[in-house]
Amino acid sequence: MRGSLKITSSILLISSFIVNQAQAVCRAAAFAGGGSRGAYEAGVVYGFNHAKNPADFSWDVVTGVSAGALNSAGIALWAPNQGKEMSEWLEQVWLNLTSSQIYVDWPLGWLDGITKESGIFDNTPLLNLVTKLYTSFGSVKRKTVVSSVDVNTGQYVIFDDSMPFSDLPLLTVASASIPFIFPHRHYGDHILMDGGTVWNTNLISAVDKCKAMGHADSDIILDIILCDQKGISEIGDTGNALNNFLRYYTIQSYYSGMNDILEFKKTRPNVQYRYLTLPTGPVANGLNMINFNPSNTVPMIELGKKDAANAIKLGEGKGFELFEQYMKLSPQEQDQLSINEYFAMHYEKA
Ligand SMILES: *[C@@H]1O[C@H](CO)[C@@H](O)[C@H](O)[C@H]1NC(C)=O
């Protein structure tokens, strides 16, 4: 009698588990890299979580590369059901920033930095800041993955929340260590630099983490937050080497980022591709990519909020449709009209 009761209750448990699994979706978001343009992404996160249904953005999984890793690491400190509070906090973190809280000059100058430390600036302040934030929260509350590139092997390496908690700040900062600008970071056998040098978004881990939690592709909802913008050379360009390097870095990420998404979509066609955002107005370029002062970041935060609201207004899946339509335009047409302008045009019509 007792035995059969036990069996019945475990069958009940199993069947309710299956029902839950069948109903539940897994929400994931992937954040791209882009230096101070990370402020734009924080604005998008704020916009999503201040829309009609913040619960739609209770991401179970967040992945990030470079500046996107800083955002996803911050988001991961909050439970999925605290999206509104999280997004207000994330905005405040960005509003509080200044460049000197991210990096400082080396005591013996930039040449010494390059030759001895592999980066023009010392971003120890960023490591200290991320460590302080992590310590004050004490744990990670959703699945998170950051990616870097191993300098020696050229391999793309990913680290998730199964790593020791105390190592996560270093791994986050390693992901954001733009080569030549910030020093490589040593971790175990790895020498790590900015993950955006290979892939500027980590879509694979976002989907794989959901799958590892038992979800089918068709139950996975994916949002992609990009901050790419086609670099337009400006009149009065200084020709400064650092400025040029940062321009090159962003243009390269623009092209690789676009193709990565299309390629990925082909391999995982059943995933629910929901919102895709990218800046529809000006964002930092060149030297301003490493300018973290409010004069540079506040307009990007505000643009992010506006774009998030417009993405929702346009509708689920629509950003991905626009994206694919744009990629079918001829190279000449694409030269005339950046994808950012293309999105802006469609937001106006929505
Ligand atoms: C922003 O700075 C203020 C003043 O220093 C501080 O009290 C607050 O905790 C900071 N907020 C965040 C989210 O870091």
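Leaving aside its neighbours within four places in sequence, which residues is Leu222 in contact with? The partners are Ala28, Ala30, Ala206, Val207, Val271, Gln272, Tyr273 and Arg274, where a contact means that two C-beta atoms, placed from the backbone, lie within 7 Å. Keep Leu222 in mind, and let's walk outwards from there.

A word on what you're looking at. This is a predicted model, where local features need pLDDT of at least 70, side-chain atom pairs count only at pLDDT 80 or more, and totals for chains, interfaces and linings use all residues. Residues are numbered from 1 along each chain as its sequence is written.

Now for the overall picture. The protein has 13 helices and 10 strands; these are DSSP runs numbered from the N terminus, with helices (H or I) of at least four residues and strands (E) of at least two. Of its 350 residues, 45% are buried. Here a residue is buried if 20 or more other C-beta atoms lie within 10 Å of its own, exposed if 12 or fewer, and partly exposed in between, with C-beta atoms placed from the backbone. Among contacts with a separation of 6 or more, 78% are between residues 24 or more positions apart.

Back to Leu222, which sits in strand S9, residues 220-225. Six of the six residues of S9 are buried, so the strand is largely enclosed by the rest of the structure. Look at its two faces: Ile220, Leu222 and Ile224 are buried on one side, and Ile221, Asp223 and Ile225 are buried on the other. S9 has strand partners too, and two strands pair if DSSP finds at least two bridges between them. Strand S1 (residues 26-31) pairs with S9 in the parallel sense over six bridges, and in that pairing Arg27 stands opposite Ile221. Strand S10 (residues 272-277) also runs parallel to S9, joined by four bridges; there, Ile224 has Leu276 as its bridge partner.

Several of these residues turn up again in the largest nonpolar core, which has 86 residues. Such a core is a set of buried Ala, Val, Leu, Ile, Met, Phe, Trp, Tyr and Cys residues joined through C-beta atoms within 7 Å. Ala28, Ala30, Val207, Ile220, Leu222 and Ile224 touch the most other members. Helix H2 (residues 38-49) supplies the largest share of this core, seven residues. In soluble globular proteins, nonpolar side chains tend to be buried together.

Another enclosed piece is helix H3, residues 67-76: 10 of its 10 residues are buried, so the rest of the structure largely encloses it. The buried residues include Ala67, Asn71 and Ala76. In the loop between strand S2 (61-65) and H3 you'll find Ser66, which isn't a glycine yet has a positive phi of about 55°. Most residues other than glycine have a negative phi. Ser66 counts as buried because it has 31 C-beta neighbours inside 10 Å. Phe180 also has a positive phi, of about 75°, without being a glycine. Phe180 lies in the loop between helix H7 (168-175) and strand S7 (185-187), and with 19 C-beta neighbours inside 10 Å it counts as partly exposed.

Finally, have a look around the ligand. The residues there are Trp89, Gln92, Val93 and Asn96, each with its C-beta atom, placed from the backbone, within 6 Å of the molecule.
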